[in-house]
Amino acid sequence: MIKRTTYRLMLSMPILFSWVLIINSQPAYASGDIKGSKLVTGTEKLIGDVTTWLMILAPVVAGLLIIYFCIRRSAADEMDTKKWNNRIIVAIVSCIGAVLGSATLNVIIGYYK
């Protein structure tokens, strides 16, 4: 009985605390132009540059890794050949994921300009 009461009390305290915070809160408004601030424009440019470089570097690095994995696969025995085949597939899928993710971020950032 005491455990149940303590458990209920522990569950109700965060709810009560949140309710008190909501009731006693003061509204806050941002002053000035946030869109034109250096932080926002710099972050947009940074994300744009990083995604552009990622779209260039991901296929290049994946291509080099695939070449390396093919060379290692040609010198491997049957058991290791399966591992190298899996690594080649992972490199291809990772390259596709990186390019698609980068393109998606470029599209999303493009809507905010």
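1. Helices and strands here are DSSP runs, a helix having at least four residues and a strand at least two, and they are numbered from the N terminus. The model under review is predicted. By that definition the chain holds three helices and zero strands. Read from the N terminus, the order of elements is α-α-α.

2. On overall shape, the chain has a radius of gyration of 26 Å, while the globule rule gives 13 Å for 113 residues; the value is well over the rule, so the chain is more spread out than a compact globule. Along the principal axes, the box filled by the C-alpha atoms is roughly 70 × 55 × 15 Å.

3. Burial and surface come next. Of the 113 residues in the chain, 11% are buried. The accessible surface of the chain is about 9700 Å², and carbon and sulfur atoms account for 71% of that surface.

4. As for charge, the chain carries 12 positive and 6 negative side chains. The centres of these two sets are 13 Å apart.

5. Contacts can be sorted by how far apart the partners are in sequence. Taking contacts between residues at least 6 apart in sequence, 63% join residues at least 24 apart.

6. Helix H3 covers residues 78–111, which is 34 residues. From the first C-alpha of H3 to the last, the reach is 50 Å, close to the 50 Å expected at 1.5 Å a residue. The buried residues in H3 are Trp84, Ile88, Ala91, Cys95, Ser102 and Ile109. What do the buried residues of H3 pack against? Their partner is helix H2, residues 38–74. A general point helps in reading such a list: an α-helix has 3.6 residues a turn, so residues three or four places apart point the same way.

7. Thr51 shows the contact between these helices from the H2 side. Thr51 is in helix H2, and its relative accessibility is 4%, so it counts as buried, the cut-off being under 20%. Leaving out residues up to four places away in sequence, Thr51 touches Ser102, Leu105 and Asn106. Of these partners, Ser102 is among the buried residues of H3.

8. Trp84 gives a view from the H3 side. Trp84 sits in helix H3 and, with a relative accessibility of 9%, counts as buried. With residues up to four places away in sequence set aside, Trp84 touches Tyr68, Phe69, Arg72, Arg73 and Ala76. For one of these partners, Arg72, a backbone distance is available: Trp84 and Arg72 are twelve residues apart along the chain, and their C-alpha atoms are separated by 7.3 Å.

9. Is Val93 of H3 buried or exposed? Val93 belongs to helix H3, and its relative accessible area of 53% makes it exposed, since the cut-off is over 50%. Val93 and Ala62 are 31 residues apart in sequence, and their C-alpha atoms are 9.4 Å apart in space.

10. Leu57 is another residue of helix H2. Its relative accessible area is 44%, which makes Leu57 partly exposed. Leu57 and Ala76 are 19 residues apart along the chain, and the separation of their C-alpha atoms is 28 Å.

11. The remaining helix is represented by Thr6, which is found in helix H1, residues 2–23. Thr6 is partly exposed, at a relative accessible area of 39%. How many Å separate Thr6 and Thr81, C-alpha to C-alpha? The distance in space is 60 Å, and the two residues are 75 apart in sequence.

12. To sum up, the predicted chain has three helices and zero strands, and it is more spread out than a compact globule. The buried residues of H3 pack against H2, with Trp84 and Thr51 as buried examples from the two helices.

Terms used. Residues numbered from 1 in each chain as written. Predicted model: local features only at pLDDT ≥ 70, side-chain atom pairs only at ≥ 80, totals over all residues. Heavy atoms only, no water. Rg over C-alpha atoms; globule rule 2.2 N^0.38 Å. Buried < 20%, exposed > 50% of the residue type's maximum accessible area, 1.4 Å probe, protein only. Contact = heavy atoms within 4.5 Å. Areas by Shrake-Rupley, 256 points an atom, 1.4 Å probe, with all protein chains shown as cover. Lys, Arg positive; Asp, Glu negative; His and termini not counted. Charge placed at Lys NZ, Arg CZ, Asp CG, Glu CD. Expected span 1.5 Å × (residues − 1).
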